[in-house]
Amino acid sequence: MFGLFRENTKIALGAIKSQLLRTILTVMIIAIGITALVGILTVVSALENTIAKDFASMGANTFSISQYDLSSQINNNDPNRKVNPIISYPEARAFQEKYNYPLSTTSLSFTATSKAEVKYESQKTDPEITIVGVDENFLPNKGLETTKGRNFTGFDVKNNNFVCILGSDFEKGLFKDTNAIDKTISIRGARFKVIGVLKEKGSTFGNSQDLRVLIPNQIARSIFSTPNINYDLSVMIGQKEMIDQAIDDATITMRKIRKLNPVEQNNFGIERSDDLINTLLSNTQFLGYIAWGVGVITIFGSSIALMNIMLVSVTERTREIGVRKSLGATKNTIAWQFFTETLVIGQLGGLVGILLGISVGFIISVAIKFSFVIPWMAIFAAFATTFIVAIVSGLYPAIKASKLDPVEALRYE
């Protein structure tokens, strides 16, 4: 059986070489469909990997309170979306003071600006730096780590010390050849001593997490005194088994602070870190459906093209089939010969499509700064799809070739 398969493969490769241009065109038609399928699935896998890496460090025992929950932010163009008031500083401070769930730590933070310019000696950055006002609980609650230096202390925050923690990209720019720790930077004329550098986080949805400076809340409030600042609260619970009860307690506390009566809906959002990941990942499934839709349409056309080339091949080699049958070849042998040829062409198209698809996915992932990962599921799906295409496209031509009458086939010109 193996010898027959090997012989059929040799004959198939010989037939492919004799009709090289037609075969290449057919292979490329199949490859286009597989490229679309694998390419989109590769990008989706990279997106999912990026989301998982960005949020998994926060753990399953944290949740955040903000103006809107994630579903509202995703559907922010919905005309029926309820407009929630911002979380003001007095409300955020009141929550910190009143929320005393056991084994919990609460962090208060806000984005002061995303267009700041940072100076060090005679050098300065582009005005694209994000300044975040934070407290001593911000780093552990957000799953952030320092590679150099230290975190803020309660003393730093309470005494409004002019200290800061830098994102990792500053070591590629202002402090490329210098240790940033204990150096002094300037933001809007205020001078800050660098006490730490964050571990690299990469980009989330195109926004760099490494081009930011963390400074104490009160100092950020005094330097960036813009109206209607929206504050965020992040809560970490000591044991993840207590998270549901902790969220219920936080909801009650926040409702009291906002003076909501029992029949009113929450006018703020609460998101668990693990729910946040699941919600984001569920939205990437839509891209997967698009990939399969594009792939199926193109592969359907590939199946027709492959069946057509095999029917033409059967017609052109009718006399050859007659000769082989007259020499003792059985119907099964003839059928396997043409079926093997179809399988080889299909797998060649699949292989080219997989290589092109992974390359396209890699380029897109790098361009939009996603964490690339080899899409093994997409590769398996591509091989399975090309195998099914080969079966569907090769079955009829193979059966037609095997049923040719040897006498009539020998007369064919």
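## Membrane-annotated stretches

Over residues 374-396 the chain is 91% helix and 0% strand, and the C-alpha atoms at the two ends of this stretch lie 36 Å apart. This description, like every other one in this report, is drawn from a predicted model. The stretch is one of those that the unreviewed UniProt entry annotates as "transmembrane region", a label that the record also gives to residues 20-47, 286-314 and 335-368. Residues 20-47 can be described in the same terms, since here the chain is 100% helix and 0% strand, with end C-alpha atoms that are 39 Å apart.

## Confidence in the model

Averaged over the protein chain, the pLDDT is 81, and 87% of the residues reach a score of at least 70. Among the elements of the chain, the lowest mean pLDDT, 52, belongs to helix α3, residues 70-74, while the highest, 95, belongs to strand β7, residues 163-166.

## Two pairs of packed helices

Two packed helices are described by the angle between their axes and the distance between the axes. For helix α11, which spans residues 331-367, and helix α12, which spans residues 376-402, the packing angle is about 150 degrees and the axes are 7 Å apart. Angles over 145 degrees count as roughly antiparallel, and α11 and α12 are therefore described as roughly antiparallel to each other. Their crossing is right-handed, and the contact of α11 with α12, sorted by residue class, has 16 nonpolar, 8 polar and 1 charged residues.

A second pair is made up of helix α4, residues 89-98, and helix α8, residues 243-257, whose axes come within 10 Å and cross at roughly 135 degrees. Because of that angle, α4 is oblique to α8. The crossing of α4 and α8 is right-handed.

## Strand β13 and its partners

Which strands pair with β13? Strand β1, residues 62-66, pairs with strand β13, residues 232-237, in the antiparallel sense over 4 bridges, and within this pairing Ile65 has Leu233 of β13 as its bridge partner. Strand β2, residues 104-116, also runs antiparallel to β13, and the two are joined by 6 bridges. Here the residue to look for is Thr106, whose bridge partner in β13 is Val235.

## Strand β8 and a hairpin

Strand β8, residues 184-187, can be followed in a similar way, beginning with strand β3, residues 118-120, which runs antiparallel to β8 and is joined to it by 2 bridges. In this pairing the bridge partner of Val118 is Ile187 in β8.

Strand β8 is also joined by 4 bridges to strand β9, residues 190-198, and these two strands run antiparallel, with Thr184 standing opposite Lys193 of β9. How many residues lie between β8 and β9 in the hairpin that they form? There are 2 residues between the strands, and Arg188, which sits in the turn, has a positive phi of about 50 degrees.

Key:
Residues are numbered from 1 along each chain as its sequence is written. This is a predicted model: local features need pLDDT of at least 70, side-chain atom pairs count only at pLDDT 80 or more; totals for chains, interfaces and linings use all residues. Side-chain values use heavy atoms; hydrogens and water are left out. UniProt positions are given in the numbering used here, feature names are shortened, and annotations may be inferred rather than shown by experiment. Axes are lines fitted to C-alpha atoms, for helices over the stretch in contact, and angles run from 0 to 180 degrees between N-to-C directions. Angles under 35 degrees count as roughly parallel, over 145 as roughly antiparallel, 65 to 115 as roughly perpendicular and the rest as oblique. A crossing is left-handed if the near helix is turned anticlockwise from the far one by less than a right angle, and right-handed if clockwise. Ala, Val, Leu, Ile, Met, Phe, Trp, Tyr, Cys and Pro count as nonpolar, Asp, Glu, Lys and Arg as charged, and the others, Gly among them, as polar. Two strands pair if DSSP finds at least two bridges between them. pLDDT is the predictor's confidence in each residue, from 0 to 100.
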